[in-house]
Amino acid sequence: MQGSILENPSDNKARLLEVTVAGDEGAVRLDRVLALRAPELSRSRLKALILAGQVRLRSADASAAEPTPLRDPAYHVEAGDTITIDVPPAVAALPAGEAIALDIVFEDDDIIVIDKPKGLVVHPAAGHETGTLVNALIAHCGSSLSGIGGVKRPGIVHRLDKDTTGLMVAAKNDRAHKSLSEQFADHGRTGALRRGYMAFVWGVPNRLSGTVDAPIDRHPFAREKMAVRDGGRQAITHWDVEDTFLGRDGKPIAALIACQLETGRTHQIRVHLAHIGHPLLGDGVYGPHFKTKANALGLPAQAALTALGRQALHAYLLVLEHPSSGEILQWNSELPADLSLLRTALKATE
């Protein structure tokens with residue numbers, strides 16, 4: 001493989017690395033080839049760049065085509081392929097505090113509970129090095145913030161997806177972090193922890209309550225997704241129908257479901273509800289085939305769903321044992337404005 005730096009690198013400037021696969025290197029995993037031919041980048045750094053879409057391919061038989069992003073480290077390159085790596089500017093090893101407004105529900109010397117808005121990423125990662133909840137917490141809490149979760153996620157014991165709203169707790173010291181981590185690992189099996197979500201879904205279940213007990217693992221083909229898979233990690237979601245909504249034809253078209261987690265897997269509610277045939281409204285990852293169902297909604301609901309621009313999921317309930325006092329604390333969060341508007345619009349179609 002031949003390689004060249006197209007833009008002169010420095011410690012704080014973006015770089016563009018272009019390499020061409022030689023004849024004796026075809027049908028080799030992308031990450032292995034790049035690890036050998038771009039030794040200045042660590043394997044973990046290369047993997048992060050691949051998953052972030054910073055590595056692009058122009059295949060040997062399509063030299064005039066636009067480069068295609070590669071997001072699979074196991075992709076097998078072929079002789080003559082040209083691979084471009086966009087290396088962003090270097091960033092600080094530790095997140096910096098940023099003055100980002102937080103909706104604080106509760107705070108004392110041990111914990112802080114916030115009502116997370118949509119669009120806020122929880123901790124720094126490839127493509128989101130700044131502007132995260134961690135950056136906001138560092139600025140707000142100062143040097144007390146726990147580091148048990150690692151330098152990139154101090155204080156964090158659980159996560160919400162970027163566009164999921166609602167209640168989150170973070171630890172402000174190591175003792176609190178240990179207690180909360182143990183509670184979230186137990187997930188209410190023997191302790192007080194409870195996490196409740198409101199989910200607007202397509203279709204109406206044929207019963208009022210149920211449980212999804214189905215293992216979750218990384219999707220076999222789309223690495224940015226999760227899926228129900230044999231051999232995955234145990235995942236259990238309990239659900240209850242709270243409300244139902246009719247379409248323009250007077251037939252049931254959607255429902256509001258309250259979910260409680262017995263485990264905490266990535267995208268668990270989104271994956272489980274899609275698995276039983278009721279994906280979230282607005283979820284383009286796990287419910288893309290339901291997008292056309294919006295045409296059956298009333299016009300107000302169609303407009304509200306378009307304006308939503310995210311999965312219709314809100315963490316409305318959080319119950320835990322205080323790390324120091326042992327007191328059982330509970331917080332509730334009302335639907336945010338966009339989901340409240342959606343619910344009103346869905347009811348208007350009846």
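Which residue follows α5, and what is the sign of its phi? The residue is G277, and its phi is positive, near 90°. This report works outward from that helix. The model is predicted.

## Helix α5 and its surroundings

Helix α5 spans residues 268-275. Most of the helix is covered, with six of its eight residues buried. The buried ones are Q268, I269, R270, V271, H272 and L273. After the helix comes G277, with its positive phi.

Now look just before the helix. H267 sits in the loop between β16 (252-261) and α5. Its phi is near 60°, which is positive although H267 is not a glycine. Why does that deserve a second look? Most residues other than glycine have a negative phi. H267 counts as buried because its relative accessible area is 18%, and the cut-off for buried is under 20%.

H187 also has a positive phi, of about 50°, and is not a glycine. Find H187 in the loop between α4 and β11 (194-202). H187 is buried, at a relative accessible area of 8%.

## Salt bridges

How many salt bridges does a search of the whole structure find? The count is 11. Three of them are set out here, among them one within helix α4.

| Pair | Closest N to O distance |
|---|---|
| D31 and R29 | 2.7 Å |
| R175 and D110 | 2.8 Å |
| E182 and K178 | 2.7 Å |

Start with D31 and R29, whose side chains meet in a salt bridge. D31 is buried, at 17% relative accessibility. R29 is partly exposed, at 25%.

Next come R175 and D110, joined by a salt bridge. R175 lies in helix α4 (residues 174-186), while D110 lies in the loop between β8 (104-107) and β9 (111-116). The two are 65 residues apart in sequence, so their salt bridge ties together separate parts of the chain. Are these two partners buried or exposed? R175 is exposed, at 52% relative accessibility. D110 is buried, at 7%.

The third pair, E182 and K178, stays inside helix α4. These residues are four apart, so about one helical turn separates them. In general, an α-helix has 3.6 residues a turn, so residues three or four places apart point the same way. E182 is partly exposed, with a relative accessible area of 46%.

Salt bridges can also share partners. K118, R310 and D338 are joined in this way into one network.

## A patch of positive charge

Which residues gather in a patch of positive charge on the surface? They are K47, R218, R223 and R229. K47 belongs to helix α2 (residues 43-51). K47 counts as partly exposed because its relative accessibility is 46%, which falls between the 20% and 50% cut-offs.

## Far in sequence, together in space

Some residues are separated along the chain, yet a distance in space can be given for them too. Take D249 and L297. They are 48 residues apart in sequence, and their C-alpha atoms are 8.7 Å apart. D249 lies in the loop between β15 (236-246) and β16. D249 is exposed, with a relative accessible area of 53%.

S340 and A304 make another such pair. They are 36 residues apart along the chain, with 9.7 Å between their C-alpha atoms. S340 is placed in helix α7 (residues 337-348). S340 is partly exposed, at 34% relative accessibility.

## Cysteines

A disulfide is a covalent bond between the sulfur atoms of two cysteines. How many disulfides are counted here? The count is zero. Two cysteines can still be placed by their cover. C141 is buried, with a relative accessible area of 13%. C259 is also buried, and its relative accessible area is 0%.

Terms used
Residues numbered from 1 in each chain as written. Predicted model: local features only at pLDDT ≥ 70, side-chain atom pairs only at ≥ 80, totals over all residues. Heavy atoms only, no water. Patch = residues over 30% accessible without salt bridge, like charges linked within 9 Å, V, L, I, M, F, W, Y side chains within 5 Å. Areas by Shrake-Rupley, 256 points an atom, 1.4 Å probe, with all protein chains shown as cover. Salt bridge = Lys/Arg side-chain N within 4 Å of Asp/Glu carboxyl O. Lys, Arg positive; Asp, Glu negative; His and termini not counted. Charge placed at Lys NZ, Arg CZ, Asp CG, Glu CD. Buried < 20%, exposed > 50% of the residue type's maximum accessible area, 1.4 Å probe, protein only. Disulfide = S-S within 2.5 Å.
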